[in-house]
Amino acid sequence: MMFSKISDSTLPSEIQGEEGDMQIQAINNFDKVRIVYRDKRQEELSVPYNPDDIYYELSAFIDGIQAGRVEDTINTHAVSLVVMESMDEARRQMGVVFPADKL
């Protein structure tokens, strides 16, 4: 999963699904996660935050810089394009139109 939340909001991030929604207090570390089901049951999925969890990401980033690569070998621009095309098709099929689509 990839994400971006570049604001300082105190509101949790939310992923909505058919059976309920997942509320993530801090999307960058997932240390406080809760599922709220449609019937109002709640399930805590929180795990202790470990700042060393990003060790491998940082190591891959440094390796890429040292090797002169401009993109990750796994999360490539091609993968992003496929994801974007899939999302556009899903929006088209559901009839979701944003104001910026009309520009």
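This passage walks through the sheet, two helices and a few side chains of a predicted model. Local features are reported at pLDDT of at least 70 and side-chain atom pairs only at pLDDT 80 or more, while totals for chains, interfaces and linings use all residues. Residues are numbered from 1 along each chain as its sequence is written, and side-chain values rest on heavy atoms, with hydrogens and water left out.

The sheet makes a good starting point. Strands here are DSSP runs of E with at least two residues, and helices are runs of H or I with at least four, both numbered from the N terminus. Two strands count as paired if DSSP finds at least two bridges between them. On that basis, four strands make an open sheet in the order S1-S2-S3-S4, paired antiparallel. S1 (13-16) and S4 (42-44) sit at the edges with a single partner strand each, so one side of each has no neighbour in the sheet. From one strand to the next, the twist averages 20° (axes are lines fitted to C-alpha atoms, for helices over the stretch in contact, and angles between N-to-C directions run from 0 to 180 degrees).

Going along the sheet, S1 and S2 (residues 20-24) run antiparallel and are joined by four bridges. Together S1 and S2 form a hairpin, with three residues between them. Ser13 has Ile24 of S2 as its bridge partner, and Ile15 is matched in S2 with Met22. On to the next pair: S2 and S3 (residues 33-37) are also antiparallel, held by five bridges, and Asp21 stands opposite Val36 of S3.

Now for the helices. H1 covers residues 55-67, 13 residues in total, and spans 18 Å from first to last C-alpha, close to the expected 18 Å (1.5 Å times one less than the number of residues). Right after H1 comes Gly68, with a positive phi near 75°.

H2 (residues 77-94) is home to Arg91. Is Arg91 buried or exposed? Arg91 counts as buried because its relative accessibility is 18%, the cut-offs being under 20% for buried, over 50% for exposed and partly exposed in between, with a 1.4 Å probe and protein chains only. Leaving aside residues up to four places away in sequence, Arg91 touches Val96, Val97, Phe98 and Asp101, where contact means heavy atoms within 4.5 Å.

Another arginine, Arg41, lies over the face of Tyr37, 4.3 Å from the ring centre. For this, NZ of Lys or CZ of Arg must be within 6 Å of the ring centre and within 35 degrees of the ring normal.
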